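Trainee: I'd like a close look at one part of this structure: the places where side chains meet each other. Please walk me through it slowly, since I'm new to this.

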Amino acid sequence: MAQNFPVLIDAQGPRRGSRAHRLASAAPADVRLRNRTAIMRALYPNNSHSRAELAKLTGMSKVSTSDVVADLIEDGLLVEGAYRTPHGPGKPSQLLQFNVSAGNVVSIDLSDVTRIRGVVVDLAGKVMHRVEIELSHAKCLDATEVTKLCQRLVDMCEEKVIGIAIATPGTVNDDGLILEAPNLGWVDMDFVERLRGVADCPVVVTNDADAAVFAEDYFGDGFSDMILVQIADGVGAGLLIDNNVVRGKGFTAGEIGHVVMSDGTRPCVCGKIGCLETIVSAPILDKAIEEHPDDSERIIARAGKELGRALAMPVALTNITHVVFSGVPRLVNQTMVDAAQSTIDLLTRSRFLDAVQVQISTIGEDAAMLGAAGMVLRRVLAVM
Ligand SMILES: [Zn+2]
């Protein structure tokens, strides 16, 4: 059965007078709100603790802990589980767990112009349902296709939908407005508005590479300082410094795909000639391999080398520890990684700079969708 619980921070603003509104109106310093968050974080996603342990872990008094736990149980966000028998004398204590089934998040990835992919996940980011729609190659993606898929996924949810996430290529501002997405043919596309009628929940729209780097941090290997490069129809990067996604003043941090490379010759969708994505994007590499099937290793190695050349400067500039490549396995493979690694090593080698580790995303193709869903979980429940 669908649970009802308050939304902490609502993109559109919860209804006035509602419980959600009272909570959302609370200043960040509000002790009760912070206590709820501290308890949820201690249990999220799969930890079990008694009330006494939670009090110790969070530094809260036993009375406050019991109060907050009672609230969270009432909201459906915590469940009581087994009893733990004490080693010495005393009563057995009941263990509490975060209820990952208390809600669903719908998340959609628009980074591939040949198909739109969507998932329903639980509150731990586990995929419960998956839908994929093939698209005909077109210069522009019809936004109603996205709305229809979103509605379909919302209808599949068994639990209350706590948020909808869209991971899109292009530039997205803090309000979720897609300022520009050249690969989709969009300018000022507003899904927060378009999806208002689909479900009564916050809509989070985010750049796909930013979402993917967030997913790597929280659901993947958890490197705190990395560049994640997505090799899809376009080429974009997400930058994580000290666990924070760097978005930039104009929200375009990581747009390395439209930097002109010295040996680039092809015209780009952005109007320039020889951008990185005219050399290493998935369609360009697929076409080259189709024309020269015996040369696929060399084509992929050359792409890795170009990526290494493009990344050497940001690697040295930021002193990040990891470069993570994400994309389809037929292209984003060990050959590409090895070529990029040796190029970056060659170009940045210095006794002042530790070697950076290049590797393939451990999350794979779902990274952008899971990361966007994670951003919903962070915004609504503050568990991340
Ligand atoms: Zn370009």
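Mentor: Let's settle one word first: a residue is buried when its relative accessible area is under 20%, exposed when that area is over 50%, and partly exposed in between. Keep in mind too that this is a predicted model.

Let's try those words out on arginine 84. You'll find arginine 84 in strand E2, which covers residues 78–84. Arginine 84 has a relative accessible area of 34%, so we call it partly exposed. Who does arginine 84 touch, once residues up to four places away in sequence are not counted? The answer is Ser48, Glu53, Pro92, Ser93 and Leu95. Glutamate 53 deserves a second look, as its side chain makes a polar contact of 2.3 Å with the side chain of arginine 84. Try histidine 49 as well: in sequence, arginine 84 and histidine 49 are 35 residues apart, while their C-alpha atoms sit 9.4 Å apart in space.

Now for pairs with charge. Here's the general idea: side chains of opposite charge can pair when their charged atoms come close. Searching the whole structure turns up 18 salt bridges. We'll go through a few of them.

Start with arginine 115, which belongs to strand E5 (residues 115–121). Is arginine 115 buried or exposed? With a relative accessibility of 14%, arginine 115 falls under the 20% cut-off, so it counts as buried. Its side chain forms a salt bridge with the side chain of aspartate 112, N to O at 2.8 Å. The side chain of arginine 115 has another polar partner too, the side chain of glutamate 365, at 2.5 Å. If you set aside neighbours within four places in sequence, the residues in contact with arginine 115 are Glu132, Ile133, Glu134, Leu135 and Glu365.

Move along to arginine 117. Arginine 117 has a salt bridge with aspartate 109, and the closest N and O atoms of the pair are 3.8 Å apart. Both of these partners are buried. There's a bit extra to see here: a network of salt bridges links Asp109, Arg117, Arg130 and Asp366.

For a contrast in setting, look at aspartate 263 and arginine 309, whose side chains meet in a salt bridge at 3.4 Å, N to O. This pair ties together distant parts of the chain, 46 residues apart: aspartate 263 is in the loop between strand E14 (244–246) and helix H8 (277–280), and arginine 309 is in helix H10 (residues 296–318). Aspartate 263 has a relative accessible area of 42%, so it is partly exposed. Arginine 309, at 31%, is partly exposed as well.

While we're at that loop, let's turn to the metal. Which atoms coordinate the zinc ion? They are ND1 of His258 and the SG atoms of Cys268, Cys270 and Cys275, at 2.1 to 2.3 Å. The angles among these four donor atoms run from 99 to 128 degrees, and the site is tetrahedral. For reference, the ideal angle for four tetrahedral donors is 109.5 degrees. Along the sequence, the donor residues follow the spacing H-x9-C-x1-C-x4-C. Two of those donors, histidine 258 and cysteine 270, are 12 residues apart, and each is in the loop between E14 and H8. Histidine 258 has 17% relative accessibility, so it counts as buried. Cysteine 270, with a relative accessible area of 33%, is partly exposed.

One more histidine for you: histidine 322, in strand E15 (residues 322–327). Its relative accessibility is 15%, so histidine 322 counts as buried. The side chain of histidine 322 joins that of threonine 321 through a polar contact of 2.8 Å. Leaving out neighbours within four places in sequence, histidine 322 is in contact with Phe223, Asp225, Met226, Ile227, Val356, Gln357 and Gln359.

Let's finish with a helix you can check by eye. Helix H2, residues 31–43, is 13 residues long and reaches 19 Å from its first C-alpha to its last, close to the 18 Å expected at 1.5 Å a residue. Which residues of H2 are buried? They are Leu33, Asn35, Arg36, Thr37, Ile39, Met40, Ala42 and Leu43.

Key:
Residues are numbered from 1 along each chain as its sequence is written. This is a predicted model: local features need pLDDT of at least 70, side-chain atom pairs count only at pLDDT 80 or more; totals for chains, interfaces and linings use all residues. Side-chain values use heavy atoms; hydrogens and water are left out. A salt bridge is a side-chain nitrogen of Lys or Arg within 4 Å of a carboxyl oxygen of Asp or Glu. Buried means under 20% relative accessible area, exposed over 50%, partly exposed in between (1.4 Å probe, protein chains only). Helices (H or I, at least four residues) and strands (E, at least two) are DSSP runs, numbered from the N terminus. Donors are N, O and S atoms within 2.8 Å of the metal (3.2 Å for Na, K and Ca); water is not among the atoms, so sites may look incomplete. Four donors count as tetrahedral if all angles lie between 85 and 135 degrees; four count as square planar and six as octahedral if opposite donors are over 155 degrees apart and all others between 65 and 115; anything else is irregular. The expected span of a helix is 1.5 Å times one less than its number of residues. Contact means heavy atoms within 4.5 Å. A polar contact is a pair of N or O atoms within 3.5 Å; within protein, one must be able to donate a hydrogen and the other to accept it, and residues adjacent in sequence count only if both atoms are side-chain atoms.
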